[in-house]
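Biologist: I should be grateful for a close look at the nonpolar interior of this protein, and then at its aromatic rings. Please take me through the side chains one group at a time.

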Amino acid sequence: MSQKINLSNRLKKVALFLPKGANFADIGSDHAYLPCYVCRQDRVAKAIAGEVNVGPFNSAKTTVQAYQLSDKIDVRLGDGLQVIEKGEVKQIVIAGMGGPLIQSILENGKDKLQHVEQIIAQPNVDARGVRKWLMAHNFQLTDEELVEENGHFYEIINATKRHDNSLLNRWTEKELLFGPFLLAKQTSDFYRKWQHEMEKMTRVINQMKQATIRDEKKITEFERELSWIKEVMNDGN
């Protein structure tokens, strides 16, 4: 099939983080568009497309066959990192799901990460939790991108295996909330995202203060984060 793969801008940004000649697993691959896109652009690349549900698994197989990439992309049915063997891939992509689920997939498949050199994660929520997991498990944050698509903002986190403890960056809680690299870049998308988050958090705090039983600890935590957001927004004006 010569037809062009219509990959979303979000997944195109994810693909840009992969090195030439990548040997990667795309976990939760859905229709396997990302592996097909990468392997058509890079004839040396190889991929495993993992899916936990039969419907998307069959869709992925159909896509791979349609693009005649069955010799380069192996579609597998299984939960998380169960679809790969130890040492089988060098890169792992987990995109388009919640941060807690991404952390759970990585935690449950920790034994498969020994020879993995790079993890690219795109959480829909709780990117901070993903950053913390990666740092706690010997992966160093090396870059991030923020993409707006259909009214939603998506954070893409690139992390590489740390071989030397001296290279460990001690990010602050504030940097982990915003993303240290996104905070440094401060793009227009970044400010739009955090303007929206500031308005949402202000509403949540007001609602919590009006509750019959107030969670003072949570209110204090949210107010601290709101003050950080206001600082960043003011710095940008």
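Modeller: A nonpolar core is here a set of buried Ala, Val, Leu, Ile, Met, Phe, Trp, Tyr and Cys residues joined through side-chain atoms within 4.5 Å. The model is predicted, and what follows should be read in that light.

The largest such core has 30 residues, and those that touch the most other members are Leu34, Val38, Ile73 and Val93. Two or more residues apiece are given to this core by helix 1 (9-16), helix 2 (33-41), strand 2 (46-51), helix 3 (54-66), strand 3 (73-77) and strand 4 (91-97). Helix 2 supplies the largest share, five residues. For Leu34, once its neighbours within four places in sequence are left aside, the contacts are Leu7, Leu11, Val14, Ala15, Asp26 and Val93. Val93 therefore appears twice in this account: it is one of the residues that touch the most other members of the core, and it is also in contact with Leu34. Separate from this core is a second one, of 28 residues, which includes Met97, Val116, Ala121 and Ala127.

Turning to the aromatic rings, five pairs are counted. In one of them, the ring centres of Trp171 and Phe181 are 5.8 Å apart with the planes at 65 degrees; planes over 60 degrees apart count as edge-to-face, so this pair falls in that class. Trp171 is in the loop between strand 7 (152-161) and helix 6 (173-178), whereas Phe181 is in helix 7 (residues 180-185), and the two are ten residues apart. Phe181 has a relative accessibility of 22% and so counts as partly exposed, since buried means under 20%.

Another pair joins Phe178 and Phe190, with ring centres 6.0 Å apart and planes at 45 degrees, so it is classed as tilted. Because Phe178 belongs to helix 6 and Phe190 to helix 8 (residues 188-210), this pair ties together parts that are twelve residues apart in sequence. Both rings belong to buried residues: the relative accessible area is 0% for Phe178 and 1% for Phe190. Together with Tyr191 and Trp194, these two phenylalanines form one aromatic cluster.

Charged side chains also lie over aromatic faces. Lys193 is placed over the face of Trp194, a member of that cluster, at 5.0 Å from the ring centre. Elsewhere, Arg10 lies over the face of Tyr154, 5.3 Å from the centre of the ring.

Conventions: Residues are numbered from 1 along each chain as its sequence is written. This is a predicted model: local features need pLDDT of at least 70, side-chain atom pairs count only at pLDDT 80 or more; totals for chains, interfaces and linings use all residues. Side-chain values use heavy atoms; hydrogens and water are left out. Buried means under 20% relative accessible area, exposed over 50%, partly exposed in between (1.4 Å probe, protein chains only). Helices (H or I, at least four residues) and strands (E, at least two) are DSSP runs, numbered from the N terminus. Contact means heavy atoms within 4.5 Å. Rings of Phe, Tyr and Trp (its six-membered ring) pair if their centres lie within 6.5 Å; planes under 30 degrees apart count as stacked, over 60 as edge-to-face and the rest as tilted. A charge sits over a ring if NZ of Lys or CZ of Arg is within 6 Å of the ring centre and within 35 degrees of the ring normal.
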